[in-house]
Every structure is written in structure tokens, then in C-alpha cells.
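Please look over the sequence and the model below. A short report on selected parts of the chain comes next.

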Amino acid sequence: MKITCPKNQFLYGVNTVSKAVSNKTTMEILQCILIEAFDDCIKLTANDTELGIETVIQGTILEPGKIALEAKIFSEIIKKIPDNDVYIETDEAGKTNIECEQIQCSIMGRKGDDFSHLPEIEKENKITLSQFDLKEVIRQTIFSVSDNENNKLMTGELLSIENNKLTVTSLDGHRISVRNIELQESYSKMEVIVPGKTLSEVSKILPGEAKDTVNLYLTDKHILFEFGDTKVVSRLLEGKFYNIGQMLSNDYETKLTINKMELLRCLDRSTLFVKESDKKPIILKIENEQMNLMISSQIGSMKDQISISKEGKDIVIGFNPKFLVDALRVIDEEEVTIYLMNSIAPCIIRDETSSYLYLILPINVSNSNV
């Protein structure tokens with residue numbers, strides 16, 4: 001194989017596909033990036049068997065062929081060479097020469113035939129939406145995906161399509177995030193559970209322009225994302241997702257409307273007094289038209305006060321401040337509405353149109369002196 005390609009194209013391709021390179025495997029081929037040069041097309045692929053990414057870059061093919069190069073060393077070489085054309089040549093033994101200006105590097109590659117290609121996905125169940133909408137809906141829910149591998153379903157997000165609505169749901173045992181967006185077309189009902197890692201990586205490489213679209217193709221075992229010259233294929237999580245409908249209630253005893261930025265700034269300050277491993281809650285004492293916020297730990301303590309609009313009963317309730325911060329940061333409205341039942345029931349933050357809903361479990365503060 002002999003090819004030339006501008007460094008910026010190689011860098012884009014390597015940065016895109018390297019997110020699917022396996023870091024936890026004894027199979028050396030899974031630690032590689034496959035470069036294929038055929039039919040006027042230079043294609044880069046990485047595949048850890050759970051997630052695979054493929055993208056096409058612009059260059060010149062002098063001699064067709066393919067080679068699998070160890071991703072870490074290859075990406076570091078590309079990052080550190082000058083911003084100019086890169087020439088790559090391989091021989092039958094896999095020796096790969098990389099040249100740019102006066103720089104000449106040589107590394108050993110592996111036969112491209114040993115590489116595990118992306119699975120072929122039947123393109124029947126296609127959903128089209130804007131890149132901006134997909135990137136946003138991931139940003140607004142991904143933080144409540146669990147990182148506990150013991151509960152596999154919680155490490156993914158439920159994508160539910162019905163008619164012209166896409167609903168994305170995530171939960172980690174302490175909170176639930178739900179986002180609804182309208183699609184341009186109507187579709188038959190479909191539900192899949194996509195690994196959080198997949199959605200996180202898609203969000204990173206998705207340009208996110210509102211005018212550009214991304215196509216999703218769903219099968220029983222895989223999901224395929226197609227946008228521009230890039231394909232992302234992921235295995236789906238198997239099983240039945242949690243029935244969150246029974247956890248969500250429209251009943252409430254207290255309804256608060258509050259300036260989002262004021263509350264967010266206060267909660268941000270409160271996290272200064274909580275270590276990562278600490279379980280200290282921030283206590284919200286709501287009475288009349290005031291919310292008093294208090295936190296106390298080994299580090300120190302803080303008290304603050306915010307004006308609110310309240311309907312219903314006074315209440316004292318405690319939360320992990322980080323959970324409130326995560327939800328508020330992805331809400332775009334100037335004011336938010338919080339619904340509370342009692343001091344041991346979850347709070348729900350949602351808008352009137354139900355485009356978003358965040359449920360957060362409280363922490364027991366019955367022994368606190370408030």
C-alpha cells in the first residue's frame with residue numbers, strides 16, 4: 001500500500017475512530033487502526049467488537065492495500081509530525097514507513113485480513129434526525145447513566161421511538177433523566193437499549209450542526225449511526241428496561257418555581273464543602289417564599305437563601321447537591337419548576353410540555369438539626 005494524505009485529514013480520521021480502540025484486551029489486533037486504500041477511498045476503522053467506528057478521509061492512493069497499525073503509536077506519530085502531506089508505504093511483511101517533510105518513521109503493522117470488520121447492518125428500520133438534536137439529547141441524559149457494570153441495563157440508555165417522538169431515558173438508581181424530542185417523520189414503535197459508552201463517543205465525534213442529519217438504523221442486536229463519511233456500529237444491551245412510568249407521579253404537595261442560575265450558583269458553592277466520597281446532603285428548608293439552603297461537613301459549612309414562588313406546603317428535604325447540579329446544568333430555561341411530595345419522596349423537575357423530566361431521590365435528613 002502507498003498513499004499520501006494531508007496531516008489534518010489523518011488526524012481527523014485517527015481521532016474519530018480511536019474511540020473504538022480497545023484498551024482492555026489481550027488481542028493485539030483490537031488495539032489497532034485498520035487503514036484500507038481501495039477504489040479512490042482511504043478508510044480508517046477501529047473495532048473492539050462492542051463498538052466499531054469507520055470513517056473516510058481524503059487523500060491519494062498510489063498503490064492499493066491495507067494495513068493494521070497499533071493505534072497508540074500511530075496516533076502519536078500523526079499528532080507530532082508537521083502540518084503537511086503524509087506519505088505511508090507498507091511492504092508484504094507489514095513494515096510501514098511514514099514520511100512527512102524531513103521526518104521518516106518506521107513501525108511494524110499487522111495484516112489487514114486479520115482485522116475484525118464492522119458487522120453488516122440491514123438498513124430497514126431507519127430514523128432520521130438532526131445532528132444537533134441527537135447531540136443535545138445525549139448531553140441532557142448521559143450523566144445519569146450508571147458506571148456500575150453489575151447492573152448492565154443501567155449502563156445504557158433507552159431509546160424509544162413512537163410516531164414522531166423520540167424519548168431517551170437513563171437512570172442510575174438515584175435519579176432518572178428523560179428527554180423527549182419531536183422528529184420530522186412518524187415511525188412505528190421501536191425500543192432499544194444503547195450502551196452509554198456508545199452514545200458518549202457518538203456525541204464527541206458528531207459535528208452537531210442543526211442543518212445536518214444523522215441516520216439511525218436499528219436491528220435486534222445492533223444500532224448503526226451514519227453521518228457524513230462516518231459510521232458507528234454498536235451492540236445493543238439485551239433485556240427489558242425498567243418501567244419508570246410507575247416511578248413518575250403527577251401528584252405533589254409542594255410546587256416551587258425558582259431562578260435556575262441562582263439555584264445552580266448556590267448548589268455549586270455548596271459542593272466546595274463535600275468530598276467526592278462524602279454523603280453529606282444539602283438541606284433545603286422551604287417555607288413561605290424562601291428556600292434556605294444549608295450544608296455542613298468536616299470541611300466546613302454554608303448557609304444561603306433564595307427567593308422562590310411556592311404553592312402548597314412548607315417542607316424540609318435533603319439531596320446530594322451534585323445530582324441537582326447535573327440536572328440544572330442541562331436545562332436551558334431561565335426558571336425551573338420543582339415538584340415535591342414529602343421529605344422522603346423523590347423530587348421531579350419538569351417543564352409544562354414534558355420535553356424534559358428529571359427525578360432525584362432525596363437523602364434522609366430526619367436527624368439533622370434544621
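The report covers domains, one helix, a run of strands and two buried residues.

## Model and domains

This is a predicted model. The domain assignment divides the protein chain into domain 1 (2-108), domain 2 (125-245) and domain 3 (248-360). Domain 2 and domain 3 have C-alpha centres 27 Å apart. Between them, 13 residues of domain 2 are in contact with 16 residues of domain 3.

UniProt adds its own annotations. An unreviewed entry gives "domain: DNA polymerase III beta sliding clamp N-terminal" for residues 1-119. Over residues 1-119, helix makes up 18% of the chain and strand 47%. The end C-alpha atoms of that stretch are 24 Å apart. The feature "domain: DNA polymerase III beta sliding clamp central", also from an unreviewed entry, is placed by UniProt at residues 129-241. Residues 129-241 are 17% helix and 50% strand. Here the end C-alpha atoms lie 23 Å apart.

## Helix 2: two sides

Which residues of helix 2 (residues 71-80) are buried? They are Ala-71, Phe-74, Ser-75, Ile-77 and Ile-78. These residues lie on the same side of helix 2, because they cover an arc of only 160 degrees around the axis. An α-helix has 3.6 residues a turn, so residues three or four places apart point the same way. On the other side of helix 2, Lys-72 and Lys-80 are exposed.

Several elements cover the buried residues of helix 2. Helix 1 (7-17) is one of them. The cover also includes strand 2 (32-38), strand 6 (65-70), strand 7 (85-90), strand 8 (95-100) and strand 9 (103-108).

## Strand 19 and its partners

Strand 19 (residues 290-296) is largely enclosed by the rest of the structure, because 5 of its 7 residues are buried. Strand 19 pairs with strand 18 (residues 282-287) in the antiparallel sense, over 5 bridges. In that pairing, Ile-283 has Met-294 of strand 19 as its bridge partner. Strand 18 and strand 19 form a hairpin, with 2 residues between them. Asn-288 sits in the turn and has a positive phi of about 55 degrees.

Strand 19 also runs antiparallel to strand 20 (residues 301-307), and 7 bridges join the two. Met-302 in strand 20 is the bridge partner of Ile-295. A hairpin through 4 residues joins strand 19 to strand 20.

## Thr-254

Thr-254 belongs to strand 17 (residues 254-259). Is Thr-254 buried or exposed? Its relative accessible area is 1%, so Thr-254 is buried. A polar atom of the Thr-254 side chain lies 2.8 Å from the backbone oxygen of Lys-313.

Leaving aside neighbours within four places in sequence, Thr-254 is in contact with Lys-310, Glu-311, Lys-313 and Ile-315. Ile-338, Tyr-339 and Leu-340 are in contact with Thr-254 too. Lys-313 therefore appears both as a contact and as the residue whose backbone oxygen lies 2.8 Å from the buried Thr-254 side chain.

## Gln-140

Where is Gln-140? Gln-140 lies in the loop between helix 3 (131-139) and strand 12 (156-171). With a relative accessible area of 6%, Gln-140 is buried.

The side chains of Gln-140 and Arg-179 are joined by a polar contact of 3.3 Å. Not counting residues up to four places away in sequence, Gln-140 touches Ser-177, Arg-179, Val-330, Asp-332 and Tyr-358.

Key: Residues are numbered from 1 along each chain as its sequence is written. This is a predicted model: local features need pLDDT of at least 70, side-chain atom pairs count only at pLDDT 80 or more; totals for chains, interfaces and linings use all residues. Side-chain values use heavy atoms; hydrogens and water are left out. Buried means under 20% relative accessible area, exposed over 50%, partly exposed in between (1.4 Å probe, protein chains only). The arc is that of the directions from the helix axis to the C-beta atoms. Contact means heavy atoms within 4.5 Å. Two strands pair if DSSP finds at least two bridges between them. UniProt positions are given in the numbering used here, feature names are shortened, and annotations may be inferred rather than shown by experiment. A polar contact is a pair of N or O atoms within 3.5 Å; within protein, one must be able to donate a hydrogen and the other to accept it, and residues adjacent in sequence count only if both atoms are side-chain atoms. Domain bounds come from an automatic or database domain assignment.
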